[in-house]
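Reader: Could you walk me through how some helices and strands are arranged here, one region at a time?
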Amino acid sequence: MKWTGLNELREKFLRFYESKGHLRLNSYPLIPQGDKSLLLINSGMAPMKKFFLGQETPPRKRVTTCQKCIRTPDIERVGKTSRHGTYFEMLGNFSFGDYFKHEATAWAWEFITKELELPVDRLWISIYENDDETFDIWTKEIGIPADRIVRLGKEDNFWEIGSGPCGPCSEIYFDRGEEFGCGKPDCGVGCDCDRFVEFWNLVFSQFNSDGNGNYAPMEHPNIDTGMGLERLACIMQQVDNLFEVDTVQNIMKHISQIAGVTYKEDEKTDVSLRVITDHIRSTTFMIADGVTPSNEGRGYVLRRLLRRAARHGRLLGIDEPFLYQVVDTVVKENEIAYPELLQKKEFIKKVIQTEEENFNSTIGKGMELLNQLIDRFESHEFSDNRLPGEQVFKLYDTFGFPIDLTKEILSEKNIELDESGFIQLMEQQKERARAARSKIGWSDDNEYMLTDADSVFVGYDTLEAEGEVIALGVNSERVEQADEGDKIAISLSKTPFYAESGGQLGDKGIMQNKFCKIEIYDCKKTNSGQFIHFGKIVSGNISQGQRITATVNKELREATMRNHTCAHLLQKALRDTLGDHVHQAGQQVDPYRLRFDFSHFNAMTKEELQQVEIAVNKQILAAVPVTITEKNIEEAKAMGAMALFGEKYGNIVRVVDVNGYSVELCGGTHVDNTAKIGLFKIISESSVASGIRRIEAVTGSGVLTLVNDINGLLNKVASVFKVSNPAELVAKGEAIHNEIKAKDAELAALNAEIADMKMNILEDSTVDINGVRVVSASFNSVKPDTLRMMGDKIKEKAPKMVAVIASIVDGKGTMIAVCGKEAIEKGAHAGLIIKEIAALAGGKGGGRPDSAMAGVSEIFKIDEALAQLPSVVQKLTEQ
């Protein structure tokens with residue numbers, strides 16, 4: 001058995017199965033594509049599920065992959081043991097109705113004994129207890145002695161998740177030796193100790209389960225195998241755990257270097273090193289695959305991992321952001337197999353650094369408050385033997401301190417949390433949010449309108465169509481007839497109205513026949529594909545079964561089409577300008593403007609915005625055609641068509657191609673030539689969430705409206721500044737600016753004079769304490785800048801003086817404390833003085849020994865606080 005690096009093992013496996021007629025596929029992204037049952041890909045089989053279930057046709061009947069995986073159920077245990085990790089890679093070979101048990105077992109044995117040269121006498125096999133067929137294959141065809149095959153029950157060796165494909169499995173184990181065993185007489189395959197390591201699972205999907213214990217043989221059985229790459233590397237490198245595998249250990253060494261510690265010298269330190277090493281691997285790959293930090297879903301998993309790693313960095317004595325630096329090593333160790341890491345390295349580092357900085361700004365205050373709660377708990381202040389849920393909820397809700405971090409810290413101190421109380425308060429908060437949303441938006445709860453009748457959309461080709469009324473609703477109830485003045489929901493057998501989808505808002509227009517006229521102000525689509533229009537009957541009445549003509553507002557639809565096509569151009573221009581990390585994170589297009597949210601971690605510069613604007617308008621002025629075709633999903637991907645992360649697409653998709661410049665999968669409505677957009681102008685660029693930016697823009701006549709609004713504003717400003725031509729505003733503004741600067745200089749000189757006068761008054765009021773001259777005073781309407789000026793003059797002219805001066809401006813109190821050089825030598829300290837004096841007036845402050853400031857809230861206590869200055873100075877100078 002030869003030592004083999006992790007990267008070499010991966011390549012050996014994939015190359016071996018290519019030699020057996022398998023198609024090598026790249027790892028699928030960690031974000032499941034078209035599968036909403038998973039938050040993150042957690043096994044090698046997960047992306048193949050669509051092929052096993054017959055939902056899609058595989059690219060070949062034999063496939064091999066090395067799949068990136070994330071599992072987080074045991075996140076709290078990561079670090080505490082060397083067994084647990086959140087990120088791993090899973091080697092696999094798959095057969096979709098092609099070969100079965102004979103080939104799967106033979107090739108697995110060939111790979112581990114011939115390619116890897118694992119010693120046969122250290123290999124063991126487990127099979128399902130009733131699977132005699134597999135037993136015969138192992139013993140009679142492969143030549144495994146019967147006494148090295150262990151039969152295990154359904155819990156261990158039968159793969160089944162609910163209804164669907166399932167079957168027995170056979171696992172291959174490596175015997176690490178007696179020194180790793182538990183010493184029990186019955187220690188063997190299946191034991192919980194560390195001696196026998198299961199490293200390859202061969203799953204034989206040969207039955208279809210109905211979920212009720214009934215199994216029907218499959219006509220074309222499948223093969224699904226999974227072997228943990230890191231686990232195999234542990235065996236080949238003869239190390240104890242994944243953290244000692246070559247590529248992973250190199251990452252840990254980088255962390256150790258930053259922290260100035262060494263692995264295996266202190267158990268507490270080792271826990272933190274393992275946490276950070278695992279989590280930085282996971283987060284690097286997650287961000288590369290499009291996950292960004294947020295407070296829900298997979299974004300929260302990412303944020304939780306980063307925060308947990310950052311906290312363990314603090315436990316190692318690292319107080320500054322550092323995780324982003326370790327990304328360099330993660331990329332270096334993995335770029336051979338995942339070159340996209342190198343392409344996205346700078347973006348990944350920026351995301352992590354930003355998240356670290358944001359977390360550092362909150363963790364200090366959060367830890368301070370949590371420590372106060374712990375002190376109160378240990379002082380038996382709370383009647384229950386648990387930390388109250390409402391206290392922890394306040395820490396989470398008001399100060400943003402993560403609940404998972406709170407739980408981990410409490411667990412380390414053996415303090416129990418009233419988690420049910422916390423969850424109850426969280427649910428109440430969510431209910432309030434749901435109630436607020438229901439008041440301002442349309443709810444998906446429109447089951448009363450559902451019907452089995454077809455509801456066909458024809459709006460790609462026409463803006464007018466006649467259809468039969470197949471469902472009618474008033475006040476959330478199905479009705480047979482609605483009358484003038486009623487606000488209604490109405491479904492037709494055929495409609496040209498586009499229903500809100502993909503960020504494009506629903507069409508407006510009218511419906512009419514000889515009985516009525518209806519104004520339609522929105523259109524939605526149910527999950528089953530039924531179109532529901534919302535409107536008001538302005539005359540007559542409507543009944544179910546009537547035929548009625550639906551007409552979309554042409555002007556509004558065309559304006560929406562301009563904005564939607566421009567959103568596609570905008571995304572391409574952003575990717576060209578900022579980088580391939582840019583992905584759509586949300587959009588809204590309506591007749592009046594487009595709003596486009598995208599992944600990026602910096603505010604765009606004026607130059608970048610201008611570059612994007614020029615790129616989009618260049619495509620518009622080039623008058624290039626926009627073609628829309630329906631294609632097979634694989635054909636569309638081969639064209640380079642962009643798809644939304646996590647969006648589920650069928651086998652046939654709609655491709656919007658702007659002359660090869662922008663190619664996207666999209667079900668919206670678009671212009672057929674970019675010239676029809678007219679012009680594109682960005683209104684604003686802003687942040688909407690961590691790592692998410694937003695651009696708002698207008699097109700066509702919207703640009704003309706914007707120009708007119710700006711001209712109107714300029715004319716108003718010109719009128720205010722009394723200039724006849726807006727072009728003269730710059731010169732006028734410069735003149736006013738210079739005039740204000742001159743007056744500011746005059747004001748500063750006057751303030752200096754005032755400061756001199758007040759200082760002279762103060763010098764006459766000093767008292768001597770231990771050789772230090774002490775004085776305090778309170779003034780009205782003296783601004784903080786003037787207070788600072790007074791303080792500077794005191795320090796300059798009176799080296800033995802300690803002064804505290806207060807002022808009240810617009811109901812807000814400010815204090816400044818200053819100490820001259822000789823006063824400091826005698827023990828005076830402005831920072832300590834201001835901290836104590838300000839606290840007496842409900843304030844907080846601090847600063848240097850020679851100067852310190854504070855704000856105070858209880859201004860009525862200022863004089864009372866200043867009166868304590870002599871005693872404070874007495875304490876400091878008598879030491």
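Author: Before the helices that lie across strands, a definition: contact means heavy atoms within 4.5 Å, and angles run from 0 to 180 degrees between N-to-C directions. Please also keep in mind that this is a predicted model.

Reader: Fine, so which strands does H23 lie across, and at what angle to E30 does the helix run?
Author: Helix H23, residues 830–839, lies across strand E29 (801–809) as well as E30, E31 and E32, and its direction is at about 150° to that of E30.

Reader: And which strands does H25 lie across?
Author: Helix H25, which spans residues 869–877, lies across E27, strand E28 (772–780) and E29, and runs at about 150° to E28.

Reader: What is the strand order in that open sheet?
Author: The open sheet has six strands in the order E27-E28-E29-E30-E32-E31, and the pairing is mixed. At its edges are strand E27 (767–769) and strand E31 (843–847), each of which pairs on one side only. Averaged over the sheet and ignoring direction, neighbouring strands are turned by 20° against each other.

Reader: In what sense do E30 and E32 pair, and over how many bridges?
Author: Strand E30 (residues 812–819) and strand E32 (residues 851–856) are antiparallel partners, joined over six bridges. As a reference point for the register, Met-815 has Ala-854 in E32 as its bridge partner.

Reader: Changing topic, at what angle do H9 and H14 pack?
Author: Helix H9 (residues 297–315) packs with helix H14 (residues 403–412) at an angle of about 40°, and their axes are 10 Å apart. The two helices are therefore oblique to each other, and their crossing is right-handed.

Reader: Which residues make that contact, and how do they divide by class?
Author: On the H9 side the contact is made by Tyr-300, Arg-304, Arg-308, Arg-311 and His-312, while H14 brings Ile-403, Asp-404, Leu-405, Glu-408, Ile-409 and Glu-412. By class, the contact of H9 with H14 comprises six charged, four nonpolar and one polar residues.

Reader: Last one: is E4 mostly covered or mostly uncovered, and in what sense does E4 pair with E7 and with E5?
Author: Strand E4 (residues 123–128) is mostly covered, with six of its six residues buried. With strand E7 (residues 164–175), E4 pairs in the antiparallel sense over four bridges, and Ile-125 stands opposite Ile-172 in E7. With strand E5 (residues 149–152), E4 pairs in the parallel sense over four bridges, and here Tyr-128 stands opposite Leu-152 in E5.

How values were computed
Residues are numbered from 1 along each chain as its sequence is written. This is a predicted model: local features need pLDDT of at least 70, side-chain atom pairs count only at pLDDT 80 or more; totals for chains, interfaces and linings use all residues. Side-chain values use heavy atoms; hydrogens and water are left out. Angles under 35 degrees count as roughly parallel, over 145 as roughly antiparallel, 65 to 115 as roughly perpendicular and the rest as oblique. A crossing is left-handed if the near helix is turned anticlockwise from the far one by less than a right angle, and right-handed if clockwise. Ala, Val, Leu, Ile, Met, Phe, Trp, Tyr, Cys and Pro count as nonpolar, Asp, Glu, Lys and Arg as charged, and the others, Gly among them, as polar. Two strands pair if DSSP finds at least two bridges between them. Buried means under 20% relative accessible area, exposed over 50%, partly exposed in between (1.4 Å probe, protein chains only).
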